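Subject: Structure handover

Hello,

Here is the structure I promised to pass on. Please open it next to this email.

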Amino acid sequence: MASKPTVLGLTPSFGFGDRIGLATPGHVEAMKRSGKTFAPIFPQQSIREMARTSRGPEQVMKDALEGMTQAGWSGPTGADADHLKTEEDVNRTAAVGFTFFTIDPSGDVDASADNYDEPTLRDRFASIRDRIGWVDAYKGRQHELPNGTTVTLDEEACLRCAVKYGLAINSAVALADHIKSVHEASGSDYEIELSVDETDQPTTLAEHYIIADQCLSSGMKLVSLAPRFIGDFEKGVDFKGDAALLEKSLHDHAAIAELLGPYKLSLHSGSDKLSMYAALSRATKGRLHVKTAGTSYLEALRVAARHDESLFRAIIDFSRERYDTDKATYHVSAKLDSAPTTKEVADVTELERHYLEKWEDVPAGKGFTAPGRQILHCTFGSVLTHAEFGPLLRSLLESHLDTYTEVLAIHFSKHLEALNAGL
Ligand SMILES: O=C(O)[C@@H](O)[C@@H](O)[C@H](O)C(=O)CO
């Protein structure tokens, strides 16, 4: 019998989202092979994923706990109620035993604030001044971080942060208060992650400092924070960008987390970012959380590529029809013409290479880069709720659970080993 989800505190942790409900045995197997320093989060699903797959929190929790029991996992696990935006999201997930609550206040972020000229910035600030009381308290301050970097909170940085994130901080604090009251009523423990990763511009050090400081001073039980890091963290493929600049910035963000918390730095869209994992582990000295989800769905399609070619081809055709619509809320850059149609590729192994890629084709220490992965990645909801493809894929996985478990074990062992390399 699997243990009940618990809080994990500052232990290095790794989130294994599962959009189908059959991946946990493979996740457990990867943990057994390579997860020595990491605590797992097996039940993990965002509200967006639940909406797209028509699975509710009960089902997500039940599938993960059953998978843990089936695979003989008796160690601890967290349970991540991911990308929560409303009190209703909290109530539904708390009721079934989620312990790690990821608050996503992106609906209240003013994403245009980075481009406002000074008069517009002052104007916008004037319109929300009565709801943001902290600008004068930070203005003019400088903070030396444990790694020697200085965070400068000049007037412009404070105003821009207030306009961009002020209302989002307020809504995050309000949702955290609700999480607290729900858990006080039930007498159960919980922890909070704040995610501000889904923005176009990277989170500056000044923004990170103010956001975290405001949340902590409100009493938020913040155990991890997901900034938007520099470079590109697109879904389904490796990190794109300047590795040296990223590493320097990871050290700075980790130093803020150490100074103000400590809390963990969290990496969203963490699947397949193997080329930067060691840097993340080094910079945070293991005080980190990595979140993955869509990559387990892609590995499920690998099972289709190997055991039911016509289903694999049909799913690719359908995903190509859906991609331009379904990619709307995801950070991806693939275009439909970056991968061939199924008619253009006769050999299924070649098709697998274009749409999923194979580990044997990827250099050591790197992740996948094939653009076709993104076409399949964003369209999971349409496929899984499709009257024909959803049930066919599920029954294929059920009859080839050994293959699914093994491909996931290989896939995630590579992830965990790359993270361990920096510790
Ligand atoms: O697709 C989703 O909604 C979630 O899986 C992700 O955004 C999640 O937060 C994540 O970053 C997984 O890599």
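Below is what was found in it.

The model is predicted: local features need pLDDT of at least 70, side-chain atom pairs count only at pLDDT 80 or more, and totals for chains, interfaces and linings use all residues. Residues are numbered from 1 along each chain as its sequence is written.

Helices (H or I, at least four residues) and strands (E, at least two) are DSSP runs, numbered from the N terminus.

Start with strand E2, residues 39-46. Seven of its eight residues are buried (20 or more other C-beta atoms within 10 Å of the residue's own, with C-beta atoms placed from the backbone).

E2 pairs with two strands (pairing takes at least two DSSP bridges). Strand E1 (residues 13-16) runs parallel to E2, with three bridges. Phe14 has Pro40 in E2 as its bridge partner. Strand E3 (residues 78-84) also runs parallel to E2, with four bridges. Here Gln44 stands opposite Asp80 of E3.

Helix H1 (residues 24-34) joins E1 and E2 in a right-handed β-α-β unit. Right-handed means that, with the strands pointing away from the viewer, the path from the first strand over the helix to the second runs clockwise.

H1 also meets helix H17 (residues 401-420): their axes come within 7 Å and cross at roughly 40 degrees. Therefore H1 is oblique to H17 (oblique covers angles not under 35, not over 145 and not 65 to 115 degrees). Axes are lines fitted to C-alpha atoms over the stretch in contact, and angles run from 0 to 180 degrees between N-to-C directions.

Best wishes

Note on methods: Buried ≥ 20, exposed ≤ 12 C-beta atoms within 10 Å, placed from the backbone.
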